Amino acid sequence: MSTTAILLYPQFSEYELSVALSILMQGGKPVRILTRDGQPVKGEAGLVVMPEQSIKMAKISEFDSLLLTGCMDIFQLEAEETFFSFIREFHDSGAVIASISSSPFLLAKAGVLDGKRYTIGMTEENRHRAGVFDQSLYSDELVVTDGKIITARGRGFIRFGSELGRALNVNFDDSWYKED
């Protein structure tokens, strides 16, 4: 079974990963935590995570999917070309890419949202300011899947995790995550 790469960066949103990680673990899907340089990163709630690998050392052929979370200030990453080339490699390999909250900004900067419907947890003003989004393809839906790209707004983290699990054909019990 191939592995899901989870790319983390400073101020990543811990809660947005919670259900997706639970579903992947429930289904026995291997995951590998990656950072730009292989160094620990601190999330927006203060959780410090020790990655398993830097993105430079990661072999795309070992992965079938990429999971990205939002962060407090996604614009802090707008000059991180290493992230954009990494994301493009995943896209070119045909991997599933799941991106929540503000992280679809990284997909747009990498060029992988071109021609794709998407949603994002970013105000319209910030989407315009970013200058990388096709506004005609934006959807106000909580979660949007277009081909192998899944995008979600942060408050859709439960549905987002389920969509990722289904896209990867992971065996999980969706009733664990029902709100009622």
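**Exercise 1. Place Asn169 in the chain and classify its exposure.**

Step 1. Asn169 sits in the segment after helix 5 (157-167). Helices here are DSSP runs (H or I, at least four residues), and strands are runs of E (at least two), numbered from the N terminus.
Step 2. The model is predicted: local features need pLDDT of at least 70, side-chain atom pairs count only at pLDDT 80 or more, and totals for chains, interfaces and linings use all residues. Residues are numbered from 1 along each chain as its sequence is written, and side-chain values use heavy atoms, leaving out hydrogens and water.
Step 3. Asn169 counts as exposed because its relative accessibility is 70%. The cut-offs are under 20% relative accessible area for buried, over 50% for exposed, and in between for partly exposed (1.4 Å probe, protein chains only).
Step 4. Check the backbone. Asn169 is not a glycine, yet has a positive phi of about 55 degrees.

**Exercise 2. Do the same for Gln11.**

Step 1. Find Gln11 in the loop between strand 1 (3-7) and helix 1 (15-26).
Step 2. Its relative accessibility is 31%, so Gln11 counts as partly exposed.
Step 3. Gln11 has a positive phi of about 70 degrees, although not a glycine.

**Exercise 3. Locate Thr119 and state whether it is buried or exposed.**

Step 1. Thr119 lies in the loop between helix 3 (104-110) and helix 4 (124-130).
Step 2. Thr119 counts as buried because its relative accessibility is 0%.
Step 3. List neighbours. Not counting residues up to four places away in sequence, Thr119 touches residues including Pro104, Tyr138, Val144 and Arg153. Contact means heavy atoms within 4.5 Å.
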